[in-house]
Amino acid sequence: MLDTLKHMKKRIREGILTDMLSQTKWIYRYARRYWLAIVFYTLIGLVGTVVSLGSSLVSKDLIDIITGHQTGELLKAFCAMIGLALGSTVMNQFSSYMSNWISIRVDNEIKADIFSKMLVTDWESISTYHTGDLLTRWNSDASNISNGILNWIPSLIINTFKFISAFAIVIYYDASFAIFSFIGIPVTLLMSRTLMKRMIHNNQKSAALNARMSGFHQEAFSNIQTIKAFDLIPVYIKYLKSLQTEYLSMRLDFQKLSMISSILMSVVGLIVSYSSYGWGIYRVWDGVISYGTMTMFLSLSGTLTGTLNALIGLVPNAISLTTSAGRLMDILDMPKEDFSQDDAVLSFYERHREQGLRLKVSHITYSYQAGTKVFENASLHACPHEIIALVGPSGEGKTTMLRLILALLTPQEGSITLQGTGPGATETLLLSPSCRKLFSYVPQGNTMFSGTIAENMRNVKPDASDEEIIHALEMACAWKFVSALPEGIHSKIKERGGGFSEGQAQRLSIARALLRKSAFLLLDEATSALDIEVERQILQHIQEDRYPRTCIVTTHRQAVLKICSRIYRIQDKQCILIENEERQNQ
């Protein structure tokens, strides 16, 4: 007992109760949205309990009538028994239907809410998590929360009501039977205490392992071509089997304890049942109770034991819920991006749409959360109808600069602003996540989604006409191969651009960005898979387009730089403007 108290004191010092309280409050914020569903589900359960207890009482009367040869009451009791059985069946089916309907609805709403919050979480913070881990948290943990919200409180109320009602009936007819109903309580409490400890550890370990397996599957299926090309199939199969072995070992360890607990609980249940049965025979033999009362007691004894076990089982369920809540809170409590300037950004852009917008990066300093400093007092600017190039060795910060311009990252010092360019325009707007609606971005790699070419295009402009899509494809030098396809712009694209070469997928991505007609176009090595002539042609189309677009590209190709209005070399944490003389020597 002393060791138990010491352990509890240690866990309290470690903050477990504080954490669980915080996690419970977080769950409550979701639960209160669905209080009507919870009340409705609880009422259905309470009605079902009343019907069940009523059946026990009618069953008692039916047996007493039969054993007492009271034929006049037999038909009435028998009809009541059938009616309650039918009512119980209908209630169970209705309850099952309504619980599924409510559960799916709540699950969908909570997942949608958590999904939207995850998407607006600070990019640098959330990118520290593996995609598989995020999927596990969003899918498994969110489902656990939604199921818990709907079931935990109703289960507590229903089982408490069932326990008190059954206990009251037992006390009313023969208080001595209550003793046998509680024989198994000490064993149940002891086993639940042991299971609870293992449950906390198992939940945490299981969640972490599920995240690893989800991440492994996601990466393996996304990179089948690479796995085949490097002949890594045996390696990946071996790694999968090792993960499965680890998972099996973890589950079996917990299952062993569960099995032992179940055997002990079954033995206790048998002792309780046969003790109640023996005591019931003795009481009937003495003429204290009737046969019907004895059968009712036996039924209620099982109800009391089962209900008590269910109430105790709510403790590990609560632990499972708070564990899931804690894992989601880790993500959702991260800093959120601020989109409060949406209206101001749209209004600003409308005033300067015809002339276009200028981008000004002024003396910024930026370091990643890990501590790596990428920029220090760096500056650059870009204007409409210009193509600005960022060059430099890999790892120097070209992509980081584009992320800063997209407000995915925030500089620790300095500022990034958007400015009007018309006559006398001096209005400026500080860059924020709300400004992303003014940008089109084509990153490195294949960014096409499964679906048709037209569907991919309309992802960025839902109301785009076929003619607009074709014009964008022509500007990106993609219409020639698209028009040769049997279904044209309605041709299917497989996952990750499957069915098209890397160069074709890049041109489709550029066409999609151009279709959006944004004030700014950012191309991050977006033409790396194209030959130089096609790359030049696309950039010339962009430069000659009358739309007031400001374009920034990152590239390693020196031959393309002659098209650019200005070139900045990213070097030594600076953006160094390359002068004309130096450009000619590139």
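Is Ser394 buried or exposed? Ser394 is exposed, with a relative accessible area of 62%; exposed means over 50%, buried under 20%, and partly exposed in between, for a 1.4 Å probe and protein chains only. The residue lies in the loop between S3 and helix H13 (398-405). Its C-alpha atom is separated by 9.1 Å from that of His556, 162 residues away along the chain.

**Basis of the model**

This is a predicted model, in which local features need pLDDT of at least 70 and side-chain atom pairs count only at pLDDT 80 or more, while totals for chains, interfaces and linings use all residues. Residues are numbered from 1 along each chain as its sequence is written, and side-chain values use heavy atoms, with hydrogens and water left out.

**The chain as a whole**

The chain has 19 helices and 12 strands. Helices (H or I, at least four residues) and strands (E, at least two) are DSSP runs, numbered from the N terminus. Of its 586 residues, 45% count as buried. Among contacts (heavy atoms within 4.5 Å) with a separation of 6 or more, 77% are between residues 24 or more positions apart.

**Nonpolar cores**

A nonpolar core is a set of buried Ala, Val, Leu, Ile, Met, Phe, Trp, Tyr and Cys residues joined through side-chain atoms within 4.5 Å. In soluble globular proteins, nonpolar side chains tend to be buried together. The largest core here has 44 residues, and Leu508 and Leu523 touch the most other members. The elements that give two or more residues to this core include strand S3 (387-391), helix H14 (453-458), helix H17 (502-515), strand S9 (520-524), helix H18 (532-544) and strand S10 (550-554). H17 gives the most, with 7 residues.

Leaving aside residues up to four places away in sequence, Leu508 touches Met448, Ile453, Met457, Leu473, Ala478, Phe481, Val482, Ile493 and Phe500. A second, separate core has 38 residues, including Phe348, Leu380, Leu404 and Ala519.

**Pocket and cavity**

Both kinds of space are found on a 1 Å grid over the protein atoms alone: a cavity is a set of points where a 1.4 Å probe fits but cannot get out, and a pocket is an open set with protein on both sides within 12 Å along at least five of seven lines. Lining residues have an atom within 4 Å of a point. Grid points are joined across faces, edges and corners, and a volume is the space filled by probe spheres set on the points.

The largest pocket has a volume of about 1100 Å³. It is lined by 34 residues, of which Leu119, Trp123, Leu408, Tyr441 and Phe449 are the closest to its centre. Helix H4 (71-119), helix H5 (123-126), helix H6 (131-173), strand S6 (439-442) and H17 each supply at least two lining residues. The largest share, 4 residues, comes from H6.

There is 1 cavity of 30 Å³ or more, and the largest cavity has a volume of about 50 Å³. Its lining consists of Leu523, Ala526, Thr527, Glu535, Leu539, Val553, Thr554, Thr555 and Val560. H18 and S10 each supply at least two of the lining residues.

By class, the pocket lining has 18 nonpolar, 9 polar and 7 charged residues, and the cavity lining has 5 nonpolar, 3 polar and 1 charged. In this scheme Ala, Val, Leu, Ile, Met, Phe, Trp, Tyr, Cys and Pro count as nonpolar, Asp, Glu, Lys and Arg as charged, and the others, Gly among them, as polar.

**Strand pairing**

Two strands pair if DSSP finds at least two bridges between them. S3 runs parallel to strand S11 (residues 566-571), joined by 4 bridges, and Val391 stands opposite Arg569 in S11. S11 in turn runs antiparallel to strand S12 (residues 574-577), again with 4 bridges, and Tyr568 stands opposite Leu577 in S12. The hairpin of S11 and S12 has 2 residues between the strands, and in it Asp572 takes a positive phi near 50 degrees.

**Positive phi outside glycine**

Two other residues with positive phi are tabulated here.

| Residue | Phi | Place | Relative accessible area |
|---|---|---|---|
| Asn377 | near 55 degrees | strand S2 (residues 373-382) | 42%, partly exposed |
| His385 | about 65 degrees | loop between S2 and S3 | 39%, partly exposed |
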